[in-house]
Amino acid sequence: MRKASTIKIGKRLQAIRKSNGYTQEQLAEKVEVSVRYISDVEQDRAKPSYEVLIRICNIFETSLDQIFSEYLKVTENKSLAYPLAGYEKLSEENKKTIEHLIMYFNKK
């Protein structure tokens, strides 16, 4: 586990945002902050407040433990959740395609 002073979540937040199909502008509007602030957070030049983190979690229906998972002592790895965060928003056809791909790769 890293020291608290080295916690960087910008890339993780960016991945969650992108996997949900949001631009920085759209997220900034929803969270009620500036686009510059979102950019600074994603580049780890600024640390988001608790209020901003909670708004982001509620928008993307994710939890704080998913954002901070690499810094928490947890028994299961939550990193798989980020790329799949937008899965529920996909069409049924695209969901089936993904399921078939997963089954194919699991057989190898």
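This report describes salt bridges and a nonpolar surface patch in a predicted model.

**Salt bridges**

A search of the whole structure finds 6 salt bridges. Three of them are listed here with the separation of their closest N and O atoms.

| Acidic residue | Basic residue | N to O distance |
|---|---|---|
| Glu42 | Arg17 | 2.5 Å |
| Asp40 | Arg45 | 2.9 Å |
| Asp40 | Arg36 | 3.4 Å |

**Glu42 and Arg17**

Glu42 forms a salt bridge with Arg17, with the closest N and O atoms 2.5 Å apart. Glu42 belongs to helix α3, which covers residues 35–42, while Arg17 belongs to helix α1, residues 10–19, so this pair ties together parts that are 25 residues apart in sequence. Are the two partners buried or exposed? The relative accessible area of Glu42 is 2%, and this residue is therefore buried, because buried means under 20%. Arg17 has 5% relative accessibility and also counts as buried.

**The network around Asp40**

Asp40 takes part in a salt bridge with Arg36, at 3.4 Å from N to O. Both of these residues lie in helix α3, where they are 4 residues apart, or about one turn of the helix. Asp40 also forms a salt bridge with Arg45, and here the closest N and O atoms are 2.9 Å apart.

How do the residues of this group stand with respect to the surface? Asp40 is buried, with a relative accessible area of 15%. Arg36, by contrast, is exposed, with a relative accessible area of 60%. Arg45 counts as exposed too, at 55% relative accessibility. Through salt bridges that share partners, Arg36, Asp40 and Arg45 are joined into one network. Asp40 is a partner of Arg36 and a partner of Arg45, so the carboxyl group of Asp40 has a side-chain nitrogen of each within 4 Å.

**A nonpolar patch on the surface**

Which residues make the nonpolar surface patch? Tyr50, Ile54 and Leu64 make this patch, and its area is about 350 Å². Tyr50 is placed in helix α4, which spans residues 50–60. At 68% relative accessibility, Tyr50 counts as exposed, because exposed means over 50%.

**Summary**

The Glu42 and Arg17 salt bridge ties helix α3 to helix α1. Another salt bridge, between Asp40 and Arg36, lies within helix α3, and Asp40 also pairs with Arg45. The nonpolar patch includes Tyr50, a residue of helix α4.

Definitions and conventions: Residues numbered from 1 in each chain as written. Predicted model: local features only at pLDDT ≥ 70, side-chain atom pairs only at ≥ 80, totals over all residues. Heavy atoms only, no water. Helix = DSSP H or I, 4+ residues; strand = E, 2+ residues; numbered from the N terminus. Buried < 20%, exposed > 50% of the residue type's maximum accessible area, 1.4 Å probe, protein only. Patch = residues over 30% accessible without salt bridge, like charges linked within 9 Å, V, L, I, M, F, W, Y side chains within 5 Å. Areas by Shrake-Rupley, 256 points an atom, 1.4 Å probe, with all protein chains shown as cover.
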